[in-house]
Amino acid sequence: MSPTRRELVRATRARILEAAARLTRDKGPNSYSMDLLAKEAGVARATVYEHFRSKRAVLDALASSTAR
């Protein structure tokens with residue numbers, strides 16, 4: 001993977017996690033769908049699933065990034 005592509009992948013993942021953090025803070029972790037997460041992040045639903053297999057994986061990554 002080229003450095004530019006790698007940066008784009010990281011930026012997209014970060015955007016998804018930022019959207020998840022907003023939605024979790026505003027609505028709670030059980031009150032939004034992966035579709036809403038994709039819309040909030042400005043990406044396609046398939047893109048969310050390319051980065052995270054499930055909502056649980058999103059929440060785990062969010063907890064992990066918050067703990068750092």
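This briefing walks through helix 1, its packing partners and a handful of residues around them. The model is predicted. Helix 1 covers residues 3-27, and its buried residues pack against helix 2 (34-41), helix 3 (45-51) and helix 4 (55-67). Tyr32, in the loop between helix 1 and helix 2, gets a section of its own.

**Helix 1 on its own**

- Start with the length check: 25 residues at 1.5 Å a residue should span 36 Å, and the end C-alpha atoms of helix 1 are 36 Å apart, so expectation and model agree.
- The buried residues of helix 1 are Thr12, Ile16, Leu17, Ala19, Ala20 and Leu23.
- Here's a handy reminder for reading that list: an α-helix has 3.6 residues a turn, so residues three or four places apart point the same way.
- Right after helix 1 comes Gly28, with a positive phi near 100°.

**Helix 1 against helix 2**

- Two packed helices are described by the angle between their axes and the distance between the axes.
- For helix 1 and helix 2, the axes come within 8 Å and cross at roughly 120°.
- The crossing of helix 1 past helix 2 is right-handed.
- On the helix 1 side, the contact residues are Arg15, Ile16, Ala19, Ala20, Arg22, Leu23 and Lys27.
- Helix 2 answers with Leu36, Leu37, Glu40 and Ala41.
- Among the helix 1 residues in this contact, Ile16, Ala19, Ala20 and Leu23 also turn up in the buried set.

**Thr12, Arg15 and Thr24 along helix 1**

- Thr12 sits in helix 1 and counts as buried because its relative accessibility is 12%, under the 20% cut-off.
- Beyond residues up to four places away in sequence, Thr12 touches Val43, Thr47 and His51; Thr47 and His51 fall within helix 3 (45-51).
- Arg15, also in helix 1, is partly exposed at 38% relative accessibility.
- Leaving aside neighbours within four places in sequence, Arg15 is in contact with Ala41, Gly42 and Val43.
- Val43 is therefore a contact shared by Thr12 and Arg15.
- For a sense of distance, Arg15 and Asn30 are 15 residues apart in sequence and 20 Å apart in space, C-alpha to C-alpha.
- Thr24 is another helix 1 residue, and its relative accessible area of 23% makes it partly exposed.
- With residues up to four places away in sequence left out, Thr24 touches Pro29, Tyr32, Leu59 and Leu62.
- Leu62 is 38 residues from Thr24 in sequence, yet their C-alpha atoms are 9.6 Å apart.

**Tyr32 in the loop**

- Tyr32 belongs to the loop between helix 1 and helix 2, but at 5% relative accessibility it counts as buried.
- Not counting residues up to four places away in sequence, the contacts of Tyr32 are Ala20, Leu23, Thr24, Lys27, Leu37, Lys55 and Leu59.
- Of those, Ala20, Leu23, Thr24 and Lys27 come from helix 1 (residues 3-27), while Leu37, Lys55 and Leu59 come from helix 2 (34-41) and helix 4 (55-67).
- The charged end of Lys55 sits over the Tyr32 ring, 4.3 Å from its centre.
- As for aromatic pairs, the structure holds zero.
- Val9 lies 23 residues from Tyr32 along the chain, and their C-alpha atoms are separated by 23 Å.

**Lys39 in helix 2**

- Lys39 is found in helix 2 and counts as exposed at 68% relative accessibility.
- Lys39 and Ile16 are 23 residues apart in sequence and 9.7 Å apart in space, C-alpha to C-alpha.
- Ile16, for its part, is buried in helix 1.

Notes: Residues numbered from 1 in each chain as written. Predicted model: local features only at pLDDT ≥ 70, side-chain atom pairs only at ≥ 80, totals over all residues. Heavy atoms only, no water. Helix = DSSP H or I, 4+ residues; strand = E, 2+ residues; numbered from the N terminus. Expected span 1.5 Å × (residues − 1). Buried < 20%, exposed > 50% of the residue type's maximum accessible area, 1.4 Å probe, protein only. Contact = heavy atoms within 4.5 Å. Phe/Tyr/Trp six-rings, centres within 6.5 Å; stacked < 30°, edge-to-face > 60°. Lys NZ or Arg CZ within 6 Å of the ring centre and 35° of its normal. Axes fitted to C-alpha atoms, helices over the stretch in contact; angles between N-to-C directions. Left-handed = near helix turned anticlockwise from the far one by under 90°.
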